[in-house]
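Dear colleague,

I am passing on a structure for you to look through at your convenience. Please open it first, and then read the notes that follow it.

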Amino acid sequence: MTTAQPVPASSTAPSLLPHKLLSGQKALVTGANSGIGRGVAIGLAQAGADVMVNYVVGDEAAAAVVEEICRSGARGSAYQADVSSEDQVSAMFQSMREQFGTVDILVANAGLQRDAAFRDMTLERWNKVLSVNLTGQFLCAREATREFLRRGVVPEVSCAAGKIICMSSVHQEVPWAGHANYASSKGGIKLLMESMAQELAPHRIRVNAIAPGAIRTPINTAAWQTPEAYARLMTLVPYGRIGEPEDIARAAVWLASDHSDYVVGTTLFIDGGMTLYPGFATGG
Ligand code: BGC
């Protein structure tokens, strides 16, 4: 009988220091001048990454995010582009390569809501949401993938050739009356992310998603701004508080880092338990 030998520590094992996990990495965050994208861009910078802040409207807000990135000691740059435009996305990645040399991390976050009762849902609203939330992630992920494949793994930087984090939502699972376009876009993200993850893992590209629940951002002010709305929202959140962009940023840092190197094709729900069917806490 042979005795089990201790497994040697991998030479690529990341340091366990929680800070500067992303030193030397270059990140692009879309929709990064407000809300979750802003929080994620700042979080990645605090973890040591240089960050390009994509936005479509709001130069001043984007400049303020870049300022905050620079305060944390990282390099930041703002870039205006509509993620649903193939030409603009391609020019943005070109600029990323010129300014930062490459891209190691894509957080495909840009998204919007154009809510309507189903029978009143115009094609314009449908197309707008699908083209930003779903096609926009496809276009950015495709450009990032091309760059990851071109560059390959640089072991001093990361175990992986690249990381893609898709911003999904609890509504990739939870049907949402009055928001059929939005829920469809996020349902689409689930299988886009999983199909990319399966196809790209052999190239050491890790694709994962984050599915936030109710996070305090401009997209859902109506759900938390008044005490009545907040109380109503809390009936959907077992953990009893709204999420903050930092709750998502910390997870994005981990998913982008080598600490999650074996995490591939997963959706991380960050929702205070919203997907636990809180309506069934009693009864059923
Ligand atoms: C939506 C928010 C909503 C949350 C929980 C998010 O994806 O953008 O408006 O509050 O899901 O329902």
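Which residues does asparagine 133 touch, not counting residues up to four places away in sequence? In this model, which is predicted rather than determined by experiment, asparagine 133 touches Ala110, Gly111, Leu112, Tyr182, Ser185, Lys186 and Ile189. Asparagine 133 has its place in helix H4, which covers residues 123–151, and with a relative accessible area of 0% it is classed as buried, because that value is under 20%. One of the residues it touches is Leu112, and here a polar atom of the asparagine 133 side chain lies 2.9 Å from the backbone nitrogen of leucine 112.

Tyr182, which is among the residues that asparagine 133 touches, also belongs to the surroundings of the ligand. Those surroundings are made up of Gln113, Ser169, His171, Trp176, Tyr182, Gly213, Ala214, Ile219, Asn220 and Met274, and this shell divides into five nonpolar residues, five polar ones and no charged ones.

Three side chains in the shell have a polar atom for which a distance to an oxygen atom of the ligand can be given. For serine 169, an N or O atom of the side chain is 2.7 Å from a ligand oxygen, and a polar side-chain atom of histidine 171 likewise lies 2.7 Å from an oxygen atom of the ligand. For tyrosine 182, the distance between a side-chain N or O atom and a ligand oxygen is 2.6 Å. Taken alone, the ligand exposes 310 Å², and the protein buries 89% of that area.

With best wishes

Definitions and conventions. Residues are numbered from 1 along each chain as its sequence is written. This is a predicted model: local features need pLDDT of at least 70, side-chain atom pairs count only at pLDDT 80 or more; totals for chains, interfaces and linings use all residues. Side-chain values use heavy atoms; hydrogens and water are left out. A residue is near a molecule or strand if one of its heavy atoms lies within 4 Å of it. A polar contact is a pair of N or O atoms within 3.5 Å; within protein, one must be able to donate a hydrogen and the other to accept it, and residues adjacent in sequence count only if both atoms are side-chain atoms. Accessible areas come from the Shrake-Rupley method with a 1.4 Å probe; for residues, only the protein chains shown count as cover. Ala, Val, Leu, Ile, Met, Phe, Trp, Tyr, Cys and Pro count as nonpolar, Asp, Glu, Lys and Arg as charged, and the others, Gly among them, as polar. Helices (H or I, at least four residues) and strands (E, at least two) are DSSP runs, numbered from the N terminus. Buried means under 20% relative accessible area, exposed over 50%, partly exposed in between (1.4 Å probe, protein chains only). Contact means heavy atoms within 4.5 Å.
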